[in-house]
Amino acid sequence: MIIILIIGVVLGIVLGLYVPIIPQAYVKLLSVALMASLDTVFGGIRAVKEGCYDSQVFISGFFVNGIFAAFLCYCGIRLGIDLYYVAVLAFGLRIFDNIAIIRRLYLKK
Amino acid sequence: MLQGKQAKVLLFIVCVILGTMLSTQFRSAEQARNTIAQERAENLVEKLKAAEKENRIMEEKVKKLEDKSGNETLAKEIQNLKSKAGELPMEGPGIKVTVDDSKVVHKPGENPNLYIIHDDDLLRLINELRAAGAEAICINKERLLDVSEIRCAGPTVSVNNNRFSPPYVIVAIGKPETLESALKLRGGVIETLKFWGISVEVEKSDKLTVPAFKGTRHYEFAKPQIKAEEGETK
């Protein structure tokens with residue numbers, strides 16, 4: 001299973017090399033969406049370790065979080081509020097939290 | 001809850017999307033870094049072009065105003081002063097000296113600096129030409145005036161704050177024979193340079209042109225002394 005996922009990521013990276021570059025104005029949106037997605041992924045790993053993983057929750061969370069984060073950030077740009085920093089900060093904190101919990105769960109085993 | 005196979009496929013898609021986002025973001029960030037440098041260069045080029053255009057317009061204005069003034073003696077005086085200040089291109093008989101780095105393959109262990117032209121070689125040439133009565137001199141189309149420097153700038157030589165690399169072409173207006181013999185004196189500049197294999201070609205000509213001084217000059221510290229005060233110079 002893990003091998004399939006890694007192949008998926010590598011395939012995605014290769015695919016990304018052929019995707020046209022995003023215009024400068026939307027780079028921030030993409031970065032926020034990326035942070036949200038990464039956050040969901042780490043949350044998913046944590047859920048697997050805790051034994052309460054639900055793929056429906058995970059997959060819906062992946063897309064909804066990413067899109068919603070990008071949308072919020074877009075609104076922020078329109079309104080002149082730098083929601084971008086807030087989003088990056090919040091997701092960053094959560095990613096670190098999740099990583100810490102994953103580590104502890106591993107060590108406990 | 002989704003069934004096993006479906007969930008796997010969806011997870012795979014999620015991973016592909018994640019990877020795509022990662023590499024796209026990476027490339028966009030990379031490009032952003034490049035475009036900033038490029039934009040700056042483009043901006044500067046545009047500014048330079050605008051400044052040059054403005055310069056041209058101003059020059060034309062000056063010319064028009066000078067023509068308008070109409071006073072013939074005044075115009076003549078201006079012409080005279082301008083030619084003395086080096087702001088007019090000059091032509092006349094003179095010599096053209098082409099100096100190039102040595103083509104001699106230097107022996108190992110020897111200082112390669114001896115085989116290339118330095119600012120002081122050019123300075124000596126210029127000095128010799130001036131001593132021989134050259135009236136207007138330029139190096140690589142850069143007019144030499146009292147404010148012009150000839151200075152070592154890394155592998156190049158800076159004249160009037162413009163950098164030049166060999167070969168250097170010096171054009172001097174004056175009596176061709178005098179200028180030539182001043183350079184070709186026994187034990188003179190050319191002989192010394194030839195010793196190191198530096199090629200110096202002297203060409204006499206009846207009609208040479210020396211361009212006008214392109215830079216600007218203004219006095220920040222020096223002011224003309226209006227009243228001649230006696231005793232001050234002592």
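Okay, let's start where the two chains meet: helix α3 of chain A, residues 55-79, packs against helix α1 of chain B, residues 4-69, at an angle of about 25°, and their axes are 10 Å apart. Before I go on, a reminder that what you have on screen is a predicted model.

So how do α3(A) and α1(B) run relative to each other, roughly parallel or roughly antiparallel? Angles under 35 degrees count as roughly parallel, and therefore α3(A) and α1(B) are roughly parallel to each other. As for the handedness, α3(A) passes α1(B) in a left-handed crossing.

Let me stay with chain A for a bit. What is chain A built from, in terms of secondary structure? Four helices and zero strands. Reading from the N terminus, the order of elements is simply α-α-α-α. If you put a box around the C-alpha atoms of chain A along the principal axes, that box comes to roughly 45 × 30 × 25 Å.

Inside chain A there's another helix pair to look at. Helix α2, residues 27-50, and helix α4, residues 83-108, have axes that come within 9 Å and cross at roughly 20°. Same reasoning as before with that angle: α2(A) and α4(A) are therefore roughly parallel to each other. The crossing of α2(A) and α4(A) is left-handed.

Now turn to the start of chain A. There's a nonpolar patch on the surface there, made of A:M1, A:I2, A:I4, A:I6, A:V10, A:V14, A:L17 and A:Y18. Together those residues have about 820 Å² of accessible area. And which helix holds A:I6, one of the patch residues? That would be helix α1 of chain A, residues 2-16.

Over to chain B. Chain B is divided into domain 1, covering 1-69, and domain 2, covering 90-210. How far apart are the C-alpha centres of those two domains? The distance between them is 45 Å.

Two backbone details in chain B to click on before I stop. Go to B:K141, which sits in the loop between β2 (136-139) and β3 (142-143). Its phi is near 65°, so to speak a positive value in a residue other than glycine. The other one is a proline pair: the peptide bond from B:P166 to B:P167 is cis, with omega near 0°. You'll find B:P167 in the loop between β6 (162-164) and β7 (168-173) of chain B.

How values were computed: Residues numbered from 1 in each chain as written. Chains lettered and ligands numbered in written order. Predicted model: local features only at pLDDT ≥ 70, side-chain atom pairs only at ≥ 80, totals over all residues. Heavy atoms only, no water. Patch = residues over 30% accessible without salt bridge, like charges linked within 9 Å, V, L, I, M, F, W, Y side chains within 5 Å. Areas by Shrake-Rupley, 256 points an atom, 1.4 Å probe, with all protein chains shown as cover. Salt bridge = Lys/Arg side-chain N within 4 Å of Asp/Glu carboxyl O. Domains from an automatic or database assignment. Axes fitted to C-alpha atoms, helices over the stretch in contact; angles between N-to-C directions. Parallel < 35°, antiparallel > 145°, perpendicular 65-115°, else oblique. Left-handed = near helix turned anticlockwise from the far one by under 90°.
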